[in-house]
Structures are given as structure tokens and as C-alpha cells.
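Reader: I should like to understand how the descriptive terms applied to a structure follow from computed values. Please set each value against its definition.

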Amino acid sequence: MAKITLDNLAHSYMPNPKSEDDFALKELNHDWTDGEAYALLGASGCGKSTLLNIISGLLIPSQGRVLFDGQDVTHAPTADRNIAQVFQFPVVYDTMTVEANLAFPLKNRRMDTAEITRRVQKVAAMIGMEDQLNRKARGLTADAKQKISLGRGMVREDVNALLFDEPLTVIDPHMKWELRTQLKKLHADFGHTMIYVTHDQTEALTFADKVVVMHDGRVVQIGTPQELFERPAHTFVGYFIGSPGMNLLDAKIDGRQAQVAGATIDLGRDYDAKGRTQIGVRPEFITLHSGGEGIPARVTRVEDVGRHKIVRLDAGGTPVSAIAGEGEEIPTSIDRIRFAEGGVNIYADDWRVAPAGEAAA
Ligand code: ADP
Ligand code: MG
């Protein structure tokens, strides 16, 4: 196991990148703590695989260094990095049995036969394929082959890190949850450094201790699920995480006062926000009122989604979503929204502005 350091790392697929736009991965400095389980979350095309492939050595970065426990491996081949990587689509040897496929990474390292059998049995149980060990991989479903790929990734106990690149994409929905649970268990048992790439927020939030959110080639926030929920560092984190995502309202910020949709509200704390300023409030922190203080708004639709209701409103032309209890009546007289205490974040040009006196994260 190892701590992985990214030092001034950046990557462009172009031979002569001219501007930041030409970089698929913008400059990044980060330590992946030894033994931690990370999710790398972001929309398709944001640079997740690029970053993962640089860590594993499939790609040499155009700038910066990769260090394993302080040792520079930037130009070291994948085989020398002692890493297990599982890809989105299965990589299996069709002519080999399931057992031989699973044993392959161990045989390669000349492990003792009894130990190989023990590990293969264990991993076969984790992926639910104990009774198919003697079958040839050829003819198995894509789903089963992907489980073998996952098993091969999990079979070695001595790796520096385990990297998963959207490994459950072709897996049957019922099995997804089960395999994710197995991966978490593997992490609990062996404490490998794990990086799990996904575009699915639920997968990221349930798998990881820390979530690394990427947007447009940039890491915009690294935090616990709670930090991403309470204090999104970037408006992208606000709306990408959460269901529905964070509401954003253009606002004029003056110290502790904000002018939003024709109303003036007290923010409770002082902000020094310049540029394009917005208030971000998650639907969970919007309360609905008839008259009194608040921002004028009217209900446009109420969606019953089972465990709660999503109330869609219009606040001076800006759509706003609020969450209400399952049994809560939504009176037609509602004409104001307010923000619950502690639920407000201020953004300037999409980045969160800390209120005066807030301890640095
Ligand atoms: P993700 O895994 O988040 O979907 P990728 O890392 O695969 O994103 O891609 C990031 C960006 O780099 C995308 O714009 C993609 O088109 C581009 N890209 C990825 N691989 C290559 C490549 N081999 N050559 C050129 N551009 C690439
Ligand atoms: Mg990818």
C-alpha cells in the first residue's frame, strides 16, 4: 500500500497545448492518503479516466510528477507500480477457465499453489462465481466476465493501490449493490488505497470515505459526503450532488445583506463577494410560507416522489426546488420562500465564498 502524490500534474492529449482549454486534466496537486477509499466523481468527459491512467502508468502526463510513497514513478511502466486496475469493460482470457483467470495475477508472481487456491476461492465467493470456477470464460455473459475482471483486480493482497474505472457499468442492477458491498468489505479487510471512478453520485457517496469531484478537467472539491452536501466548494458540486441539486439564485451581496429576486434578506454573516454573485441553497433548506418575510415565489408544480415531495417554484423567473414531507399539504396560498439557518452558501464566479470568521477547510 502506498500514499500517492500528484505533484503539479496536468495532461493534454495535444502535442503543443496553447491554453488551459487544451488540457484534459488541469493542473492538480493532491495526496491520496494511504489506505483511504476514494470515489472520483464527475460527468462523462471530465477527465476521470485520464487521471486514473496517469496514476496506473498507462499514460505519461505532459506535466508534473506521480510519486508512490515519495518515490517518483512518473515514467515507470504499469507493471512496476504494483497496482490492480479494473476497467469499464471486461478484460478476460476467453480460453482460460474462470479459475485460471482469477489465479492469473498470482501465478504471474509465482505464489505458492495452496495460497493461490485459498485466494481464488475467497474472491470467487465475493463475486458469486464459486460454482463456475471450471467453466471456460468464453460464452459467459458480459456481466459474468466483468465480475471475473473485478475478481482479478481484488485477488492480490499486496498491491499499492486498487483502481476501478466505472467497473459496474455492464453489471446487472441487482448485482451492482452486492458488488459494491463486497468492494467496501475488501477495503475494510485489507485497507488498500482505493480509487473508484464513477459518474453516479449514489455510487460515489455510498462507496467512499472521501469524494473527489471533477468538472471540466479540474478537481473542484475533495471532501466527505457531508462536506459536499453542506458546503459545496463550486456551484457544479452543488447541483451535481443532491437530488434535486442545489438551487442557485443571482444575488447582490453587500456584507451580511443580499438582494435576491426583489427582496432583501439577512445572511446572518458577512461576505466579501465580488464578480457574478449567487446564493446557493439546497432544496432541503427552503421553507414555504404564506405572507410575511421572504422571497416572493409561486408554486408551479408538486411532484410526489415517494419518501417526500418536491415542490417546484418560480422566484422572479428563477426556478427553485424545495423538499417537503410526504404527508405535508402544500397550500395554494404559498407566496414566499425562506432559507433555513445554516443552509446558505454564497458563490462568486461559481466558487464558494467563506463568510468572515469561518475556519479554513
Ligand atoms: P472521463 O473518464 O471523465 O469520461 P476522459 O479522461 O476519458 O474522461 O476524457 C477527458 C477528455 O479527454 C475528453 O474530452 C476526451 O475526449 C479527451 N480524451 C480522452 N482520451 C483521449 C485520447 N486518447 N486522445 C485525445 N483526447 C482524449
Ligand atoms: Mg472514463
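Author: A residue is called buried under 20% relative accessible area, exposed over 50%, and partly exposed in between, with a 1.4 Å probe and protein chains only. This is a predicted model, in which local features need pLDDT of at least 70, side-chain atom pairs count only at pLDDT 80 or more, and totals for chains, interfaces and linings use all residues. Residues are numbered from 1 along each chain as its sequence is written, chains are lettered from A and ligands numbered from 1 in the order in which they are written, and side-chain values use heavy atoms, with hydrogens and water left out.

Reader: Why is Trp 32 called buried?

Author: Its relative accessibility is 1%. The limit for buried is under 20%, so Trp 32 counts as buried. Tyr 38 is also buried, because its relative accessible area is 1%.

Reader: What makes the pair of Trp 32 and Tyr 38 edge-to-face?

Author: A pair of aromatic rings is described by the distance of the centres and the angle of the planes. Rings of Phe, Tyr and Trp (its six-membered ring) pair if their centres lie within 6.5 Å; planes under 30 degrees apart are stacked, over 60 edge-to-face, and the rest tilted. The centres of Trp 32 and Tyr 38 are 4.9 Å apart and the planes stand at 85 degrees, so the pair is edge-to-face. The structure holds 7 aromatic pairs. Elsewhere, ring pairs join Phe 164, Tyr 196 and Phe 207 in a cluster.

Reader: Why is the contact of Asp 31 with Lys 3 called a salt bridge?

Author: The term requires a side-chain nitrogen of Lys or Arg within 4 Å of a carboxyl oxygen of Asp or Glu. For Asp 31 and Lys 3 the N to O distance is 3.9 Å, so the definition is met. This pair links distant parts of the chain: Asp 31 lies in strand S2 (residues 25-32) and Lys 3 in the segment before strand S1 (4-11), 28 residues apart. Strands here are DSSP runs (E, at least two residues), as helices are (H or I, at least four), numbered from the N terminus. Asp 31 is partly exposed because its relative accessibility is 35%, and Lys 3 is partly exposed at 36%.

Reader: How do you know that Arg 156 and Asp 158 form a salt bridge, and which of these residues is buried?

Author: The N to O distance between their side chains is 3.3 Å, so the pair meets the limit. Arg 156, at 9%, is buried, whereas Asp 158, at 42%, is partly exposed. A search of the whole structure finds 21 salt bridges, and a network of them links Glu 115, Arg 118, Arg 119 and Glu 157.

Reader: What makes the approach of Lys 48 to ligand 1 a polar contact?

Author: A polar contact is a pair of N or O atoms within 3.5 Å; within protein, one must be able to donate a hydrogen and the other to accept it, and residues adjacent in sequence count only if both atoms are side-chain atoms. A polar side-chain atom of Lys 48 lies 2.9 Å from an oxygen atom of ligand 1, so the distance falls within the limit. Backbone atoms also take part: a polar one of Gly 45 is 2.6 Å from a ligand 1 oxygen, and an N or O of Cys 46 is 3.2 Å from one.
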